[in-house]
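User: I would like to learn how to read strands, sheets and contacts in a two-chain model, working from one feature to the next. Could we go through it together?

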Amino acid sequence: MARAAVLGRLTWQVGKVAAVRQETGTARTITIDLPGWPGHAAGQHVDVRLTAEDGYSAQRSYSIASAPGRDRLELTVQRLEDGEVSPYLTDVLRPGYPLELRGPIGGWFVWDTDASGPVLLVAGGSGVVPLMSMIRARAEAGRRTPFRLVYSVRSPEAVLYAAELAERGRAGDGLEVSYVYTRSAPPGAQVRVGRLNPAVLAAPGWTREAAPAVFICGPTGFVEAAASLLVKAGHDAGVIKTERFGPSGGQA
Amino acid sequence: MGNVSPGFRGRPRSGREKLPPGQYLVTDFPVLSAGPTPRVKTGSWELRITTETGEVHTWDWAAFQALPAEEFQVDLHCVTKWSKLRTTWRGVSLDTLLGQAQTSAEYALARSYGGYTTNLPLADLLDGQAWVAFEYDGRPLTAEHGGPARLLVPHLYLWKSAKWVQGIDLKTKDEPGFWESLGYHNYGDPWREQRYWGD
């Protein structure tokens with residue numbers, strides 16, 4: 001299904017906003033009904049196009065947050081200061097509004113639910129969105145593939161999907177979630193505040209010997225740092241897939 | 001325009017620069033690559049052009065630096081929607097690099113350190129349209145942006161401008177590169193908005 005979706009011609013479709021859900025103070029998940037949507041591969045994104053009354057339009061790319069499925073998808077959008085499209089999606093868009101998009105896009109930064117090897121996911125901020133699609137795809141497919149999410153985030157308030165990740169982590173089916181807090185940690189937590197470091201990445205069972213497939217998504221500086229740490233720790237550069245967004249790169 | 005987004009105004013229109021469809025202007029320089037950034041030292045760097053008959057032309061860093069270089073200013077258009085205007089580079093024209101090659105090939109495949117590839121018609125590399133660039137904004141090109149040297153073909157989407165370029169193979173048959181095999185357009189003209197297959 002996902003493969004066919006990648007290969008098809010990408011035409012613009014108008015969906016309808018079914019629901020919006022606030023994730024944090026500045027991020028929101030948008031559920032879109034889109035009859036005929038073929039589904040996607042976990043990790044892919046869509047292009048969203050907004051059109052003003054005078055015909056002016058603006059496009060940006062957003063990662064799909066939901067597990068693959070037909071006729072409906074979810075995007076999680078982080079509002080960017082000075083953004084042109086994201087503030088509309090986080091602050092203006094309401095249930096019932098039309099939303100034009102096309103996709104799914106990207107055949108590289110994707111995880112196939114049939115792949116059996118362990119998977120290390122490394123997220124910086126809203127870079128968690130396509131990785132969440134992988135986590136949800138794994139759960140929906142009933143897989144117990146070893147998964148580890150290392151999620152670097154400014155503060156506990158900025159964590160996307162906090163409750164869902166806690167619940168999925170408790171399920172005991174092979175998903176581990178570790179947080180790195182760069183500005184402030186939860187009160188009482190036994191964690192140091194600081195940047196992503198080699199010790200966090202090299203948790204037992206997740207060193208280069210385990211040879212996990214690696215997906216890193218986040219701002220450029222974060223992705224560069226995380227990829228360098230993993231290459232230095234001996235992971236094969238060929239198994240590390242990255243997706244980056246610059247300050248104005250538009251992604252998520 | 002059939003699909004108006006209720007309440008969407010967008011950025012002010014007055015005095016806007018002319019951009020390809022669907023693009024927006026940035027002033028910073030975003031980075032997009034599919035994997036870890038290769039760290040290539042100039043001491044072991046080599047550029048290799050191989051024709052369809054197997055004829056090979058190579059330059060090490062010193063020989064490459066000895067070639068006539070030019071400074072040029074171009075606009076960049078990334079398929080992820082950002083455009084950056086009037087960027088200043090220094091590099092060697094592909095006309096210079098390909099000048100010695102005896103070829104009747106019509107296609108080229110650029111290969112990079114790290115394994116990336118991208119394909120384009122050979123004609124798009126000629127006539128002052130393409131460079132192997134090694135300076136950006138007066139400074140040596142950083143690894144994140146493709147240093148020590150990258151291909152620059154600014155009239156096509158930026159994924160055609162292979163970072164960390166290592167070689168160019170001239171071919172009689174077109175062969176899709178990395179993104180071209182993964183859903184992105186084979187040619188990639190931003191003014192015709194050729195982002196994906198079928199565009």
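Analyst: We begin with a definition: two strands pair if DSSP finds at least two bridges between them. Please keep in mind that this is a predicted model. In chain B, strand β3 (residues 56-60) and β2(B) run antiparallel and are joined by 5 bridges.

User: Which residue of β3(B) stands opposite B:I49?

Analyst: The residue opposite B:I49 is B:H57. The hairpin that β2(B) and β3(B) form has 5 residues between the strands, and in this hairpin B:G54 takes a positive phi near 95°.

User: Which strand runs parallel to β2(B), and how many bridges join the two?

Analyst: That strand is β11 (residues 165-171) of chain B, which runs parallel to β2(B) and is joined to it by 3 bridges. B:I49 serves here as well, with B:I168 as its bridge partner in β11(B).

User: How should I read the two faces of such a strand?

Analyst: In a regular strand the side chains alternate between the two faces of the sheet. In strand β2 (residues 46-50) of chain B, the covered face holds B:L47 and B:I49, whereas B:E46, B:R48 and B:T50 make up the uncovered one.

User: Stepping back to the whole of chain B, how many helices and strands does the chain have, and in what pattern do they follow along the sequence?

Analyst: Chain B has 2 helices and 11 strands, and along the sequence they follow the pattern β-β-β-α-β-β-α-β-β-β-β-β-β. The radius of gyration of chain B is 18 Å, close to the 16 Å that the globule rule gives for 199 residues, so the chain is as compact as a globular protein of that length. Taken along the principal axes, the C-alpha atoms of chain B fill a box of roughly 60 × 35 × 30 Å, and 38% of the 199 residues count as buried. If one takes the contacts in chain B between residues at least 6 apart in sequence, 64% of them join residues at least 24 apart.

User: Now to chain A: what is the strand order of its open sheet of 6 strands, and which strands are the edge strands?

Analyst: The order is β4-β3-β6-β1-β2-β5 (chain A), with antiparallel pairing. The edge strands, each of which pairs on one side only, are β4 (57-63) and β5 (72-78) of chain A. On average, and with direction ignored, neighbouring strands of this sheet are turned by 40° against each other. Within the sheet, strand β1 (residues 13-24) of chain A pairs with strand β6 (residues 98-105) of chain A in the antiparallel sense over 4 bridges, and A:G15 stands opposite A:L99 in β6(A).

User: Is the edge strand β4(A) mostly covered or mostly uncovered?

Analyst: β4(A) is mostly covered, with 6 of its 7 residues buried. Strand β3 (residues 45-51) of chain A pairs with β4(A) in the antiparallel sense over 7 bridges, and A:V46 has A:Y62 as its bridge partner in β4(A). The hairpin of β3(A) and β4(A) has 5 residues between the strands, and A:G55 takes a positive phi near 95° there.

User: Why does A:Y88 count as buried, and which residues is A:Y88 in contact with?

Analyst: The reasoning needs a cut-off: a residue is buried if 20 or more other C-beta atoms lie within 10 Å of its own. A:Y88 counts as buried because it has 23 C-beta neighbours inside 10 Å. This residue lies in helix α2 (residues 86-92) of chain A, and, leaving aside neighbours within four places in sequence, A:Y88 is in contact with A:L50, A:L93, B:S5 and B:F8. A:Y88 and A:L50 are 38 residues apart in sequence and 8.9 Å apart in space, C-alpha to C-alpha.

User: How many residues of chain B are in contact with chain A, and what are their classes?

Analyst: In chain B, 32 residues are in contact with 40 residues of chain A. The side of chain B that touches chain A has 15 nonpolar, 11 polar and 6 charged residues.

User: Where do the domains of chain A lie in the sequence, and how many residues of each are in contact?

Analyst: The domain assignment gives domain 1 (2-105) and domain 2 (119-245), with C-alpha centres 24 Å apart. In chain A, 15 residues of domain 1 are in contact with 14 residues of domain 2. On the side of domain 1 that touches domain 2, β1 and β5 of chain A each supply at least two residues, and by class that side has 6 nonpolar, 8 polar and 1 charged residues.

Terms used. Residues are numbered from 1 along each chain as its sequence is written. Chains are lettered from A and ligands numbered from 1 in the order in which they are written. This is a predicted model: local features need pLDDT of at least 70, side-chain atom pairs count only at pLDDT 80 or more; totals for chains, interfaces and linings use all residues. Two residues are in contact if their C-beta atoms, placed from the backbone, lie within 7 Å. Ala, Val, Leu, Ile, Met, Phe, Trp, Tyr, Cys and Pro count as nonpolar, Asp, Glu, Lys and Arg as charged, and the others, Gly among them, as polar. Axes are lines fitted to C-alpha atoms, for helices over the stretch in contact, and angles run from 0 to 180 degrees between N-to-C directions. Domain bounds come from an automatic or database domain assignment. The radius of gyration is taken over C-alpha atoms; the globule rule is 2.2 Å times the number of residues to the power 0.38. A residue is buried if 20 or more other C-beta atoms lie within 10 Å of its own, exposed if 12 or fewer, and partly exposed in between; C-beta atoms are placed from the backbone.
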